[in-house]
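Reader: I would like a close look at how the residues of this chain are covered or left open. Please go slowly and say what each number is used for.

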Amino acid sequence: MIPCAKFRGCLLAALAGDCLGAQFEFSPRRSSFRTVWLAFDANMRERRRWPLVYTDDTALTRAVCESLVDCRGRVEPASLARSLTDAYFKATDRGYGAAAGGVFEDLRDANFADPFGPAAALFEGRGSYGNGGAMRAAPLGLIGAAAAAAPNAEEVHLATRVTHSNALALAGARLMAAAVRLALRFDGVDVDRLYDSLAAEAAAADTACGLHEGEASSYTSSMRQVKEFLGKHPASSAVDEEARAVAGALGTEVTALRSVPTAIYCALRTLRPSHRVHPLISEWQPPGNQNPSIDEALSIEQRQQQQRLLDCLTFAVSLGGDTDTIASMAGAIVGAALGADALPASLMLACEASDAVDSLATRLHRVAYSS
Ligand code: R7I
Ligand code: MG
Ligand code: MG
Ligand code: MG
């Protein structure tokens, strides 16, 4: 059985990436690693409840979890469409993609008669290739890891098509869910093996969605670039050059193709046992050292896991562009691998609704193992 702590780590780190990244989403210029880290450090030192609000990424991830819990771990498109739409109308100002609002209005106006209809009509019938399906796919990876018969890929397609029917969006969501599913079983050592499994998932997703290698628009070719970057191991002092190169090659856009492989790189980079956390972070003292009521005494291992996650999120946001979504997806993968111990208490205090996300993760875990 996958421990509940890994479900919690996944969804809480996804929340943290969204909340931390939202401050930088589509800033006109990329921020340095140092600038991003100083902002995060200040966020965690505020020591008041929820200075950081979450965006559509978390609103819709919560909605996916709630629908999965209601439907005993299954993807029921009508339930999911209703749950996503309710989340949207509860707060339409959470930074939704330009096409998303219209889909939710159409779904509601037709009383959810055809959960796939409005999304299929977008962009002259080609459907959106935005990353809005991938950004909420983590819970599907969690459920998929527990399912005995792993019906995952088909269910991810159904869940994605409610808002995104373009092949690029479907394959990206499927790859993101697979990344979470595989990260849950990561042994802490063999990142090459994790990469190989992900590359195989990318190839399968391309084939299933009719994407062809060579057109420079396949997940297979992006994953090959991920491997090249993973082979490089640049020094911490070169982190901003690394970020510039990764952002240029893999992308930081709102499209699934130019953000999911980027998030996967951010996660795998951090999970390599040889990865050195940036000195700004390895020298960091959690705010709790001044206030024992917030961060209790941590074991060395727990401290290192927290530093790893913070290093991942800082790097992801320093790439620029779609920072909330890339950090959220990277966080989901790393959080699934490391578990909830990797989330500093001061960070959880800073992120909106962390308590609700935590209990939702626990409910999802219960559902995942109760059938
Ligand atoms: O994918 P989506 O939900 O957006 C998610 C992003 C994340 O960064 C969130 O944090 C939030 O900021 O938004 O929303 P969509 O509107 O479906 O897709 C995003 C954008 O991708 C669209 O608004 C378009 O600009 C672009 N796009 C397309 N452009 C041309 N042709 C998506 N599909 C197409 C297309 O087929
Ligand atoms: Mg967002
Ligand atoms: Mg959307
Ligand atoms: Mg975004």
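Author: A residue counts as buried when its relative accessible area is under 20%, as exposed when that area is over 50%, and as partly exposed in between. The model is a predicted one.

Start with Cys19. Its relative accessibility is 1%, so Cys19 counts as buried. Cys71 has a relative accessible area of 15%, and therefore Cys71 is buried too. Phe123 gives another outcome: at 46% relative accessibility, this residue counts as partly exposed.

The cysteines raise a further point. How many disulfides does the count come to? A disulfide requires a pair of cysteine sulfur atoms within 2.5 Å, and the count by this rule is zero. For Cys19, the nearest cysteine sulfur belongs to Cys351 and is 4.0 Å away, and Cys19 is in no disulfide. For Cys71, the closest cysteine sulfur is in Cys65, and the 13 Å between them is too far for a bond.

Cys65 leads to helix α3, since it is among the buried residues of that helix. Helix α3 covers residues 56-70, which makes 15 residues. From the first C-alpha to the last, α3 reaches 21 Å, close to the 21 Å expected at 1.5 Å a residue. Of its 15 residues, 12 are buried, and α3 is described as mostly covered. Among the buried ones are Asp56, Asp57, Leu60, Val64 and Leu68. Their cover includes α1, α4, α5, α7, α16 and α18. Just after α3, Arg72 takes a positive phi of about 55°.

Helix α13 can be read in the same manner. It runs over residues 260-271, has 12 residues, and reaches 17 Å from its first C-alpha to its last, close to an expected 16 Å. Here 12 of the 12 residues are buried. They include Val260, Tyr265, Cys266, Arg269 and Leu271. These buried residues pack against α9, α10, α11, α12, α15 and α16.

Helix α11, one of the packing partners of α13, contains Ser221. The side chains of Ser221 and Ser218 are joined by a polar contact of 3.1 Å. Leaving out residues up to four places away in sequence, Ser221 touches Glu213 and Ala216.

Now return to Phe123, which sits in helix α6, residues 117-125. Not counting residues up to four places away in sequence, Phe123 touches Ala99 and Ser128. Ala99 is 24 residues from Phe123 along the chain, and their C-alpha atoms are separated by 9.0 Å.

Both of those partners appear again at the ligand. Which residues come nearest to ligand 1? Of the 21 residues around the ligand, they are Asp57, Ala99, Ser128, His164 and Asp322. Asp57 was met above as a buried residue of α3. A polar side-chain atom of Asp322 lies 2.6 Å from an oxygen atom of ligand 1. The backbone takes part as well: a backbone N or O atom of Tyr129 lies 2.9 Å from a nitrogen atom of the ligand, and a polar backbone atom of Asn131 is 3.4 Å from a ligand oxygen atom. Taken alone, ligand 1 exposes 690 Å², and the protein buries 84% of that.

How values were computed:
Residues are numbered from 1 along each chain as its sequence is written. Chains are lettered from A and ligands numbered from 1 in the order in which they are written. This is a predicted model: local features need pLDDT of at least 70, side-chain atom pairs count only at pLDDT 80 or more; totals for chains, interfaces and linings use all residues. Side-chain values use heavy atoms; hydrogens and water are left out. Helices (H or I, at least four residues) and strands (E, at least two) are DSSP runs, numbered from the N terminus. The expected span of a helix is 1.5 Å times one less than its number of residues. Buried means under 20% relative accessible area, exposed over 50%, partly exposed in between (1.4 Å probe, protein chains only). Contact means heavy atoms within 4.5 Å. A residue is near a molecule or strand if one of its heavy atoms lies within 4 Å of it. A polar contact is a pair of N or O atoms within 3.5 Å; within protein, one must be able to donate a hydrogen and the other to accept it, and residues adjacent in sequence count only if both atoms are side-chain atoms. Accessible areas come from the Shrake-Rupley method with a 1.4 Å probe; for residues, only the protein chains shown count as cover.
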